[in-house]
Amino acid sequence: IFRDIKEVRRVKKSKDFDKWSDEARRHDDKKCFVIYHGNDFKLRTLSVVADSMDECANWCKGLELLIEGARVASHTLVVERWLNREFNSIIEREKRVSLRNMKTWTTKINCKLTTSKLRELYQNVDQQRRGEIGLDEFTKLYHHLVHVPT
């Protein structure tokens, strides 16, 4: 995720390059860059060697643009992207989003509600009564879960 990238440096100085020093020596410094990612307390690195200096420059510039886009993204856009990832992770494993999948997911996101309440909300968004929902319904259900009327 681009929000986790802290910096992209056009250098050939990292633990990876040090670990593989013989291999690293074979590559021009101008084709190398390091991506620093993670949280502030535990940064990790991804050391990359591009095929050419132009490719290296393009990767670095593209990553910097994506990082900046992630930093200035609105809260709504961040939530939308997160919901897309969550939905895709569920359908990747299960091929559909059933009530059972939703119960597992609500536990994962620390949303505590009874199975009967979840069933009621799920059935409200599953208008076609297919026993599975798509991304739009998944998003609606999420909003029903977090925006509880008082």
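Let's start with helix 7. Phe138, Leu141, Tyr142 and Leu145 are buried there. They cover an arc of only 105° around the axis, which puts them on the same side of helix 7. Now turn to the face pointing away from that buried side. Asp136 and Lys140 sit there, and they are exposed.

A word of caution before I go on: this is a predicted model.

Does the length of helix 7 fit? What span should we expect for its 12 residues, 135-146, at 1.5 Å a residue? The expected span is 16 Å, and the end C-alpha atoms are 17 Å apart, which agrees.

Next, the core. The largest nonpolar core has 17 residues. Those with the most contacts inside it are Val97, Met102, Trp105, Ile133, Phe138, Leu141 and Leu145. Which elements give two or more residues to this core? They are helix 4 (75-94), helix 5 (99-108), helix 6 (115-125) and helix 7. Three of the names from helix 7's buried side come back here, then: Phe138, Leu141 and Leu145.

Look at isoleucine 133 in particular. Leave out residues up to four places away in sequence. Isoleucine 133 then touches Phe87, Val97, Met102, Tyr122, Val125, Asp126, Phe138 and Leu141. Another core lies apart from the 17-residue one. That other core has 9 residues, among them Ile5, Ala50, Cys56 and Ile67.

On to the rings. A pair of aromatic rings is described by the distance of the centres and the angle of the planes. The whole structure holds 5 aromatic pairs. I'll show two.

Tryptophan 82 and tyrosine 142 come up now. Their ring centres are 5.6 Å apart and their planes stand at 65°, so the pair is edge-to-face. Where do the two residues lie? Tryptophan 82 is in helix 4 and tyrosine 142 is in helix 7, so the pair ties together parts that are 60 residues apart in sequence. Buried or exposed? Tyrosine 142 counts as buried, at 13% relative accessibility. Tryptophan 82 counts as partly exposed, at 23%. The cut-off for buried is under 20%.

The other pair is tryptophan 105 with phenylalanine 138. That pair is tilted, with 4.9 Å centre to centre and 55° between the planes. Tryptophan 105 belongs to helix 5 and phenylalanine 138 to helix 7, so this pair ties together parts that are 33 residues apart in sequence. Tryptophan 105 and phenylalanine 138 are both buried. Put the rings together and you get one aromatic cluster: Trp82, Phe87, Trp105, Phe138 and Tyr142.

Stay with helix 5 for a moment. Which of its residues are buried? Asn101, Met102, Trp105 and Thr106 are. Seen down the axis, these buried residues fall within an arc of 135°, so they line one face of the helix. Arg100 and Thr107 are exposed on the other side of helix 5. Just after the helix comes asparagine 110, with a positive phi of about 60°.

Now the loop between helix 4 and helix 5. Serine 98 is found in that loop. Serine 98 is buried, with a relative accessible area of 8%. Set aside its neighbours within four places in sequence, and serine 98 is in contact with Tyr122 and Gly131.

Let's move to serine 14. This residue sits in the loop between strand 1 (5-9) and helix 1 (15-19). Serine 14 is buried, with a relative accessible area of 8%. What does its side chain reach? One partner is the backbone nitrogen of phenylalanine 17, at 3.2 Å. The side chain of serine 14 also makes a polar contact with the side chain of serine 47, at 2.5 Å. Skip the neighbours within four places in sequence, and the contacts of serine 14 are Val34 and Ser47.

Last stop: phenylalanine 2, in the segment before strand 1. At 34% relative accessibility, phenylalanine 2 counts as partly exposed. Leaving aside neighbours within four places in sequence, phenylalanine 2 is in contact with Leu63, Leu66, Ile67 and Ala70. Ile67 is also one of the residues of the 9-residue core. How far is phenylalanine 2 from alanine 57 in space, C-alpha to C-alpha? The two are 18 Å apart in space and 55 residues apart in sequence.

Note on methods
Residues numbered from 1 in each chain as written. Predicted model: local features only at pLDDT ≥ 70, side-chain atom pairs only at ≥ 80, totals over all residues. Heavy atoms only, no water. Helix = DSSP H or I, 4+ residues; strand = E, 2+ residues; numbered from the N terminus. Expected span 1.5 Å × (residues − 1). Buried < 20%, exposed > 50% of the residue type's maximum accessible area, 1.4 Å probe, protein only. Arc of directions from axis to C-beta. Polar contact = N/O pair within 3.5 Å; in protein donor to acceptor, adjacent residues only side chain to side chain. Contact = heavy atoms within 4.5 Å. Core = buried A, V, L, I, M, F, W, Y, C linked by side-chain atoms within 4.5 Å. Phe/Tyr/Trp six-rings, centres within 6.5 Å; stacked < 30°, edge-to-face > 60°.
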